[in-house]
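User: Got a chain here that I'd like to go through with you. Can we start with the loops and work outward?

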Amino acid sequence: MCSNVSASVPAPVNPPPTLSQDETEKIDIWIHEQMKEGKIPGTAVVIVKDGKIAYQKQFGYADVKRKEPVTSETLFELGSTSKAFTGLAVLQLQEQGLLKLDVLVEKYLPWFKMRYKGEYRGQQIDEDVKITIGQLLHHTSGISFRTIGDIPKSNDIGALELTVQNLSGGRLDFYPGERFQYATINYDILGLIVQKVSGKSYEDYMKERILTPLGLENTYLSQDEAVNQSLATGYKIGFLRAQPYDAPRYRGNTPAGYLTTNSVDMAKWLNIQLGIGSEDSSFRSLIEQSHTPDRSVYPNIDGSSYGAGWSVFQKAAGELSHGGSNPNYSSFIVFRPEEKLGVAILANLNSAYTNTLGQGIMDILQQNKPISSTSDIYLSVDKVAVSVMGVLVPFSLLSLGYLLIEISQIVRKQRRWKSDSHSVVRKTAISVCALALLGCCIYFIPNVFFSDLPWSFIKVWAPESLISAIVTICAAGLLYMAALLLSSLFPKEKERSFFPVLIASIMSGFGNAVVIFIVNEALNRNGTFQVGLLAFFVAGIILYVFGQRVVRTSLINLTNDMIYRKRTSLIDKILSASYQNIEKVGKDRIFASLNNDTEVISGGINILISGFTSLFTLVCCFVYLGVINFSGLLISIVVILVAAGLYFITGRYANRLWEQTRDIQNTFFRFIDHMVHGYKELSINNQKKNEFKEDVQTSTWAYRSKRILGDLNFANVFVIGELLFTAVIGIVAFLFPILFKGIESQSLASYVFVFLYMTAPVHGILNSIPSMIGVRISWKRLNGLEQELSAVVSQETVENLPAADAGGPFELELKNVAFNYKNQKDTHFAVGPINAVFRSGEITFVTGGNGSGKSTLGKLITGLYEPDEGEILLNGNPVSAKKLGQYFSAVFSDFHLFEKLYGLEVHELNDRINQELRALEIDDKVHVSGNQFSTIRLSTGQRKRLALLVSRLEDRPFYLFDEWAADQDPEFRSVFYHTILPEFKRQGKCVIAITHDDRYFGVADKLIKMEMGDAVTSVVSFAG
């Protein structure tokens, strides 16, 4: 919470303010905005102009929990703005002749050595080198900035010397005096030199010779003393907010960063720097010297050169500034000596926004618009850490839950050990290597995110959420690998869990995003080889590849298993339904569903895989974009939502079109059936063939047209999406520098790079929409067919019925049986009512003209149709249609001959089969091998003989033959009527034959003549 509490603090006695009301309002608004954005709990701001305090306000809280507001007396640690005090002391000692800037450090610290290995002026060097005091003062000593991580935690009186001793013997990054490199510990060495030269402790010298003479009564060098004098509570970012943090004591770093002061003394310090505030004139020349930059080396990357604790910029007549950060405090000072203008910011949070806040106020005072673009590494790390936990905490809980379920299944014997020793070793080794890689990546986090600073530094300075995120990563990795390993070693039969797919998709997407993040980071780093980045790059690739393999393998198995189960479920329901209901469904619809629809779903596997991976990659990229530039993230989300909305709208329209194409496919399958079965007729009649071809082409053209129309809609939307993405890149490149003043070109390049990379996963998701609509339609059709069949099956008796007892005798009676054709073109046709009796040992012929109802009667008798009226009795008892069929063996006029002899124990019937084949006069054409015919590519008459063979082998009490003899030659037709049928009769079988062969009517015991659906002649007996 940020609030201006200056009203509660007594206003200092000063002349009227020299800032306009407009400037004051702009500054107030700017401070509130930056504090809110940077999550700064409390801050003190002071502006001096022409020797007067033009602005002095305090905002927010010194202690949020206790609601203690910041006041002008509230103390803050300065951080690196302390260096100007130490630099002033060094210059003072030089003025007193006690040291010189060009003198070597070893004169005052004989034991201090630093080593350089590398090239210098064309020679290779590997030896101890000399460093001067001036090189320490101007940060050209070659000491690495990473040495900040080596400063020991200590509050002892000897901490300063301990800090420098720990540094001694270290390696330099470059030869002293070659270039500028900021290293905070340079000023700790200077502090120790001040201590050695003056013969007093650093703290005592600074208080006696610097602070007291300058009238800085509220500035302290001891944290203990500051705590007793209203020191603000320090805060550190963690879990998206500022949290109180009691940082370790680094007394050895006091000269470089641990002076403590308030806004009252900061106003005095600013005036001193402007050459106004000090009554002691001896300091004025020293202050001027401290403002003199070292121009013996190239300027820093921001264009500044370094003085004695100040960065000197060539802005206007000259601008000096310096920022300071400790683990839980920060400060920023900027002033223009020629304009007698200075700004100082004190904050109780380590934040880059403190610098932005101070520089922005200076911009406002210069009538310029302040630059609001701030890159805060700690806020960014915190966001990333929280985002990682947001993904991995549910991931870990899922993994833990799945692991517990696996353990439970192992205990209940649902999972069983199925791995050999080699497999165990291999899988365990892979798991160990994966965890080792994870550990390696964690080890290199400092190298990647914190410029290779040590873990001891990171634990103190980094957000609390980082450590929690690392723990979460470790837990997620361990739990996932444990679950995966256990699942592999103890597989479950017919496992259909989507958990591995979900987790692997997250892994793959995360790995993909890691790759792009690391590549982007590598491009933005200097040309030095980055081991840590390489480790993360390798880990990202492994995550992506391994995740993809798991996803693809699992989805292929799961999807095909799903299709298998759907197909078998449909087949079960089809086989359990009545013939009558299957006729209503239509074989073209069944063909399309079992073949086309299941293949469409199967083909959607890769689309689903790409969609999953792209989605999680996109989420990770969104997080990274938010870290780079939040405004860019919002624009990206808007563009993607617009594109997705267009796809959704188009998809609804295309869905209707593709539903129609799916109906056309049913028609197309019907045409295929006609073409295959009617090919002979088409071949001998060109006119018929041409008209048939026109119908087929009309159907396929309709399919083509509607399909193209749907696809074109998506193609247009795809082009619009491409245009939107290109437009965003243009906006970033051309408008962002105008909209967001001061945004770094590196951030722009990173944003464009990531956004370009995102186009692939975005297109992967959007392009999957048309295919998934097709999958959805096919799945809907399959479910519709399954539900329709389920509704039919649920009304029938579905128990497994054993083959009927071939004994007897049996009597089948039809009492007033009638059947009406429903939902057919000929809706008025009906059969019955019919009364008839069929007995064992009798032959009954059914005759009549075409369309008289003979075949319908045959289907009623065999139980294929259920009568709408009347009843069918077996031995005087009502019998269901389904059970009735188990007493029949039939050869229909449109019979189907299976290659395999289903339902027969062929090995027990070999001799009989061979005998029957000889009797049927086809033993030279076909034989039975195993349990199937050697061929069924025979003439229709010969195939009917094989069907008769199967019928005889089934040995049922009732036999139905529908126009069986119609395709036989005269000789064998006679055999059928005079030999085969009488043999059935002798065996006590009941034979019902639908026939037009009136010359053989004498063979029958009874004759039923059908005419227009009625049995006009119920029974005519030829017996005796």
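Analyst: Sure, one term before we go: helices (H or I, at least four residues) and strands (E, at least two) are DSSP runs, numbered from the N terminus. Also, this is a predicted model, where local features need pLDDT of at least 70 and side-chain atom pairs count only at pLDDT 80 or more, while totals for chains, interfaces and linings use all residues. Residues are numbered from 1 along each chain as its sequence is written, and side-chain values use heavy atoms, with hydrogens and water left out.

User: OK, loops. Where does Phe 239 sit?

Analyst: Phe 239 is in the loop that joins strand S7 (235-238) to strand S8 (241-244). Its phi is positive, near 55°, and the residue isn't a glycine.

User: Is that Phe 239 side buried or exposed, or something in between?

Analyst: In between: Phe 239 has 37% relative accessibility, so it counts as partly exposed. The cut-offs are under 20% relative accessible area for buried and over 50% for exposed, with partly exposed in between (1.4 Å probe, protein chains only).

User: And what's the phi of Lys 413?

Analyst: About 65°, again positive in a residue that is not a glycine. Lys 413 lies in the loop between helix H12 (377-411) and helix H13 (421-443), and it counts as exposed because its relative accessibility is 54%.

User: Let's stay around helix H12. Which residues does Ser 396 touch?

Analyst: Ser 396, which is in helix H12, touches Thr 472, Ala 475, Ala 476 and Leu 479, not counting residues up to four places away in sequence. Contact there means heavy atoms within 4.5 Å. At 9% relative accessibility, Ser 396 counts as buried.

User: Switching to cysteines. How many disulfides are there?

Analyst: The count is zero disulfides, taking a disulfide as a pair of cysteine sulfur atoms within 2.5 Å. As for how covered some cysteines are, Cys 433 counts as exposed at 52% relative accessibility, and Cys 474 is partly exposed at 28%.

User: What about Cys 990, buried or exposed?

Analyst: Buried, because its relative accessibility is 0%. Cys 990 is in strand S24 (residues 990-994). Leaving aside neighbours within four places in sequence, its contacts include Phe 838, Arg 839, Gly 841, Pro 957 and Tyr 959.

User: How far apart are Cys 990 and Ile 843?

Analyst: They are 147 residues apart in sequence and 6.2 Å apart in space, C-alpha to C-alpha.

User: Where's Tyr 977, then?

Analyst: Tyr 977 is in helix H30 (residues 970-986), and its relative accessible area is 2%, so it is buried. Beyond four places in sequence, its contacts include Phe 845, Ala 965, Thr 995, Asp 997 and Tyr 1000. Along the chain Tyr 977 and Ala 1004 are 27 residues apart, and their C-alpha atoms are separated by 9.1 Å.

User: One more residue: what does Gln 273 touch?

Analyst: Ile 287, Ser 290, His 291, Trp 310 and Phe 335, with residues up to four places away in sequence not counted. Gln 273 is in helix H9 (residues 263-273) and is buried, with a relative accessible area of 2%.

User: Any holes? How many cavities of 30 Å³ or more does the structure hold?

Analyst: Five. A cavity is a set of points, on a 1 Å grid over the protein atoms alone, where a 1.4 Å probe fits but cannot get out, and lining residues have an atom within 4 Å of a point. The largest cavity has about 50 Å³ of space, a volume being the space filled by probe spheres set on the points, which are joined across faces, edges and corners.

User: Which residues line the largest cavity?

Analyst: Asp 156, Ile 157, Ala 159, Leu 160, Gln 195, Tyr 202, Glu 203, Arg 251 and Pro 255. Helix H4 (159-167) and helix H6 (202-211) each give at least two residues to that lining. By type, the lining has five nonpolar, one polar and three charged residues; Ala, Val, Leu, Ile, Met, Phe, Trp, Tyr, Cys and Pro count as nonpolar, Asp, Glu, Lys and Arg as charged, and the others, Gly among them, as polar.

User: Now zoom out. How many helices and strands does the chain have?

Analyst: There are 30 helices and 26 strands. Of the 1024 residues in the chain, 51% are buried. Among contacts with a separation of 6 or more, 76% involve residues 24 or more positions apart.

User: And what area does the chain expose?

Analyst: About 47800 Å², with carbon and sulfur atoms supplying 55% of it. Those areas come from the Shrake-Rupley method with a 1.4 Å probe, and for residues, only the protein chains shown count as cover.

How values were computed:
1 Å grid on protein atoms, 1.4 Å probe; cavity = no way out; pocket = protein on both sides within 12 Å on 5 of 7 lines; lining within 4 Å.
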